[in-house]
Amino acid sequence: MSTLRHVVVLGGGPAGLATAHELTAGGTRVTVLEREGHVGGLARTIHHKGYKFDLGGHRWFTKNEDLNDWFRRLMDGHLVMVDRISRIYHEGKYYNYPISIGDLVKNVSPLTIAQIGASFAWASLRQAAGGRPVVTMQQAYTAQFGTKLYEMFFRRYSEKVWGAPCTELSADWVSQRSRGLSVATLAREALLGSRKDVVSLIEQFMYPRDGYMRISERMAEDITAAGNEVLLGARVTGVAYRGPADFEVAYIRDGEARTIQADAVVSTIPLGVLARILSPACGPEVEAAARGLVFRDLITANVMLRRRRVSPDTWLYIQDSDILFGRMHEPKNWSPAMVPDDEHTSLVLECFCSRGDHIWSMTDEEIGRRCVADLVNKLGFIEAAEVEDIQIVRTRDAYPVYDLDYTRKTQTIQRHLRRHGGLHTVGRGGTFRYNNADHSIEMGLLLGREMQGEEVDHMAVNTDRAYQEVKRAGEQGGHYRRRSVQVD
């Protein structure tokens, strides 16, 4: 049983709520402070005129069956199964993602196929001969796929997402997303067929029928039903450390400045922000590291259409630099409940940007007009007359940018935070780690157990060396494990 008296969780997204959910199950008093008027964080679902839109499509997929069982119990009666169709739109043609040899043979010339093979062979020889260390995103992609595929499918999209050249970004992001995948593995699959021990390539995934935010809402419902609090509209302004297991958290709610005492604090707010609002104040080295952590922002254009369907895809990646958005998904393909009726559909268009840049500085009307023009004139996906409404949503601090110095900066900050006994970080923003939502939930559940004395490490989540898109027979991925005795 927990010896904690009161834990305050900063942020009501998936990671913070998962921590609070697990602590609640152990009988700990918990208060969640959420700045917005809703839970969900980046995994938010927006309701508008009978439509529902996620901030980008969030799937639930994990190799961890214990975690899947936890998820099914939490979301019992709320889930649908979604067929995964994820493609790249490149120069007027569609390619499955992950890339397949069959698509390449079908869509490109024999000369291009030869160039792909030759560039991969050269990259492999360089690595085998003890080539230079893989440090940048460019080096990581070319080592796995060769220069030709990197230029075709990875460079332009990556630079569109991150707003920086791949030579200035860390290889760590590539290792998290495509570790174990290469031209060699694609060729082996094409020539020999899938290995018998491969039981899933994420052909289907579970999804909440009414949008991804239902996961956070369900956790919040359980937390409050047990007598704990989830306070919405509570903006945290400071965290005062008075000694081990002695904190005072300051926040503003309903225009009133308030404080709350805690013997432990769990933070999901951006790591650099936490370091700067923590008192006593940090030194100049930590301050510089905190200010040096950069997040990429996001604008989503939610386009409502009088049309039954635009595409079969769950995701479609758009590389062309002259098209404003970089990725789109059609919510109706995830769940029919995401649209008001079968005569309508919608598109969520993700425009990657940074506050103050040319995209962020556009008005909502300009973004809407530009996105529709791209859909109609450049891509030919829809007719302008089919558009009934457009909603623009701006989201700050959506993606942690892995620049070449981010590891040093995060380690500097974490060393400082570890001096404050009872202070914990979790989640994408809280740890400055590019987690999927299921990673963040797993981290939160493990942190809840860690705080109750179990020997687990929540920071080990999303560090596995196996490729995330493949599950093999008998494989139990991740780190969350079912307790021998379940706690209701």
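What follows is an informal chat about a predicted model.

Reader: Before we dig in, what are the ground rules for this model and its numbering?
Author: This is a predicted model, so local features need pLDDT of at least 70 and side-chain atom pairs count only at pLDDT 80 or more, while totals for chains, interfaces and linings use all residues. Residues are numbered from 1 along each chain as its sequence is written, and side-chain values use heavy atoms, with hydrogens and water left out.

Reader: Cool. What's the strand order in the open sheet?
Author: The 7 strands go E7-E6-E17-E18-E19-E16-E20, with mixed pairing. Strands here are DSSP runs of E, at least two residues, and helices are runs of H or I, at least four residues, numbered from the N terminus. Two strands pair if DSSP finds at least two bridges between them.

Reader: Which strands sit at the edges?
Author: Strand E7 (93-96) and strand E20 (387-400), each pairing on one side only. The twist averages 25° from one strand to the next.

Reader: Parallel or antiparallel for E6 and E17?
Author: Parallel, over 4 bridges. Isoleucine 88 stands opposite tyrosine 317 in E17. On to E18: 2 bridges join E17 to E18, and these two run antiparallel, with leucine 316 opposite methionine 328 in E18.

Reader: And how many bridges between E16 and E19?
Author: 9 bridges, in the antiparallel sense, between E16 (residues 295-305) and E19 (residues 345-353). Methionine 304 stands opposite serine 346 in E19.

Reader: Back to E17, which side chains point which way?
Author: Trp315 and Tyr317 point one way, Leu316 and Ile318 the other, and all are buried. Buried means under 20% relative accessible area, exposed over 50%, and partly exposed in between (1.4 Å probe, protein chains only).

Reader: Which strands does helix H5 lie across?
Author: Helix H5 (residues 137-162) lies across E6, E7, E16, E17, E18, E19 and E20, running at about 95° to E6. Helix H11 (residues 364-378) lies across E16, E18, E19 and E20, at about 105° to E20. Contact means heavy atoms within 4.5 Å; axes are lines fitted to C-alpha atoms, for helices over the stretch in contact, and angles run from 0 to 180 degrees between N-to-C directions.

Reader: Switching topic: where is lysine 332, and what does its side chain reach?
Author: Lysine 332 is in the loop between E18 and E19. Its side chain reaches the backbone oxygen of histidine 344 at 3.2 Å. Not counting residues up to four places away in sequence, lysine 332 touches several residues, including Arg308, Asp341 and Asp342.

Reader: Is that lysine buried or exposed?
Author: Buried, because its relative accessible area is 15%.

Reader: Now rings. How many aromatic pairs are there?
Author: The structure holds 27. Rings of Phe, Tyr and Trp (its six-membered ring) pair if their centres lie within 6.5 Å; planes under 30 degrees apart count as stacked, over 60 as edge-to-face and the rest as tilted.

Reader: Got an example? What are the numbers for tyrosine 89 and tyrosine 94?
Author: That pair is edge-to-face, at 5.1 Å centre to centre with 65° between the planes. Tyrosine 89 is buried at 10% relative accessible area, whereas tyrosine 94 is partly exposed at 30%. Tryptophan 162 and tryptophan 173 form another edge-to-face pair, at 5.8 Å and 75°.

Reader: What does the tryptophan pair tie together?
Author: Tryptophan 162 lies in helix H5 and tryptophan 173 in helix H6 (residues 172-178), so the pair ties together parts 11 residues apart in sequence. Both tryptophan 162 and tryptophan 173 are buried.

Technical notes. A polar contact is a pair of N or O atoms within 3.5 Å; within protein, one must be able to donate a hydrogen and the other to accept it, and residues adjacent in sequence count only if both atoms are side-chain atoms.
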